[in-house]
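This report describes one protein model for a first-year student. It deals with the cavities, the cores, one enclosed helix and a few backbone angles.

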Amino acid sequence: MPQLGLLHGRAWASLLGKLLRPPGAVCIGAVHSHSQVAEAVLVSQLKPHQEKSNFIIKTPKGTRDLTPQQMVVREKILDLVVSCFKRHGAKGLDTPAFELKEVLTEKYGEDSGLIYDLQDQGGELLSLRYDLTVPFARYLAMNKVKKMKRYHVGKVWRRESPTVVQGRYREFCQCDFDIAGQFDPMIPDAECLKIMCEILSGLQLGDFLIKMSWKDVRHEMVAKKGLAPEVADRIGDYVQCHGGVSLVEQMFQDPRLSQNKQALEGLGDLKLLFEYVTLFGIAEKISFDLSLARGLDYYTGVVYEAVLLPTPAQAEEEPLNVGSVAAGGRYDGLVGMFDPKGHKVPCVGLSIGVERIFSIVEQKMKTFGEKIRTTETQVFVASPQKNFLQERLKLIAELWDAGIKAELLYKNNPKLLTQLHYCENMGIPLVVIVGEQELKEGVIKLRSVASREEVAIKRENLVAEIQKRLSES
């Protein structure tokens, strides 16, 4: 059992405490002498800065604090996203917040100018990560990993002019899912599209459409399949006209396309993709868009992004302009950039626009005036009488040890009404009440905050009764 010891200020006592303390023990120390001197020096150094009258307390541009209410919403969004990634077999991965500058340079095209560079530290030129994709490619190459399905949730930084009202920030969170490895065509791509649909449907943001970029499909056909540009443009005519599942069959019937070997190969890939998304039940959510082009240089094939469609009510008003809420694509050459021999690992992935989704959800909640619980407390421990702090502490420890989320007021003798009002304001569903009468009878009162009904429960049965009620709610 870990022991708690109170250490005093002398060095020999500190050393003795370390020697006598069992493994895993937690020590609470009273701070004296040297640390107090250091604190005094620190305060004296800070004082001149604190006296500056023009100092404004604010967050840096393009950043923000998240309130407890906002954190509740954010965590629900992230839980839904990550649970979907795990459902599809992804492993978690994390990388440093900063990378060697050379790892990030020349990977983002024109956007490379938005990378945050750090001061030289120990002879290394470092930069804050711009996204989670390049660090993933660096990880694969460094560890010689040829196959991996991973998810990553983390902050990234971009030195751009922020438009906070549209959910754009200089510091923001990304949620990525990627499939690395050599697989049969279009199966991983179709799964990525399926994941985007599952997440956006689960978040209940409204109707959405995933647009696929014909520009990058055309580039892949011309560069990789050796398709003549005029033949690729002929395919583009169909895409522009029809933009849905039926376009593939119509293109196969065009003699100018069906007689070209490379065109047939490209059409075969498109047909496979549409077959797979049809089997996944999401074909009606997929559309080609000739105007779509992702700005990052590392994309090599089909790219896609999901946009929310305005409702009839929004069409009449000014909708929240947040751009795409999810995006992704294929980047088969990125890992090879880090490999000394240029060995490639094909990759396809997606990123969920958490900040933009968060902006939409926040706006909806304000519109409907939804109240948010900032804690998950299930039970409040109260007493109607004075001098019952010890009993409350014993009782709440019993609840905590049983895994029940519980609270009490940090006062010796709080008024019962004050305690009950706290429960109502915080949305705590249950209150346990212990007093003289309850102690005498060996029971605890269990009160429902919503109905205000109270029942007496035997002390030994209290935890089981609370767990039963919580499982039913």
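In what follows, Ala, Val, Leu, Ile, Met, Phe, Trp, Tyr, Cys and Pro count as nonpolar, Asp, Glu, Lys and Arg as charged, and the others, Gly among them, as polar. The model is predicted, so local features need pLDDT of at least 70 and side-chain atom pairs count only at pLDDT 80 or more, while totals for chains, interfaces and linings use all residues. Residues are numbered from 1 along each chain as its sequence is written, and side-chain values use heavy atoms, with hydrogens and water left out.

**Cavities**

On a 1 Å grid over the protein atoms alone, a cavity is a set of points where a 1.4 Å probe fits but cannot get out, and lining residues have an atom within 4 Å of a point. Grid points are joined across faces, edges and corners, and a volume is the space filled by probe spheres set on the points. Two cavities of 30 Å³ or more are present in the structure. The second largest cavity holds about 50 Å³ of space. Its lining is formed by Leu140, Ala141, Lys144, Val145, Lys146, Val335, Asp339, His343 and Val345. Five of these lining residues are nonpolar, one is polar and three are charged.

**Overall make-up**

Helices (H or I, at least four residues) and strands (E, at least two) are DSSP runs, numbered from the N terminus. The protein has 17 helices and 17 strands. Buried means under 20% relative accessible area, exposed over 50%, and partly exposed in between (1.4 Å probe, protein chains only). Of the 473 residues, 42% count as buried. Contact means heavy atoms within 4.5 Å. Among contacts between residues at least 6 apart in sequence, 67% join residues at least 24 apart.

**Cores**

A nonpolar core is a set of buried Ala, Val, Leu, Ile, Met, Phe, Trp, Tyr and Cys residues joined through side-chain atoms within 4.5 Å. The largest such core has 56 residues, and Phe85 and Tyr304 touch the most other members. Helix α6 (residues 187-203) supplies the largest share of this core, nine residues. Apart from this core lies another, of 22 residues, including Tyr130, Phe136, Ala141 and Val303. Beyond its neighbours within four places in sequence, Phe85 is in contact with residues including Tyr151, Phe177, Ile195 and Ile199.

**Helix α5**

Helix α5 (residues 133-142) is largely enclosed by the rest of the structure, because eight of its 10 residues are buried. The buried residues of α5 pack against β4 (98-100), α4 (101-104), β6 (148-157), β7 (171-180) and β12 (347-352). Arginine 138 lies in this helix and is buried, at 12% relative accessibility. Leaving aside neighbours within four places in sequence, arginine 138 is in contact with Thr95, Pro96, Glu99, Val103 and Phe338. Arginine 138 and valine 335 are 197 residues apart in sequence, yet their C-alpha atoms are 6.5 Å apart in space.

**Positive phi angles**

The table lists residues with a positive phi.

| Residue | Place | Phi |
|---|---|---|
| Lysine 144 | just after α5 | about 55° |
| Glutamine 204 | loop between α6 and β8 (208-213) | near 55° |
| Arginine 452 | loop between β16 (443-448) and β17 (454-458) | near 65° |

Glutamine 204 is exposed, with a relative accessible area of 65%. Arginine 452 also counts as exposed, at 54% relative accessibility.

Key:
1 Å grid on protein atoms, 1.4 Å probe; cavity = no way out; pocket = protein on both sides within 12 Å on 5 of 7 lines; lining within 4 Å.
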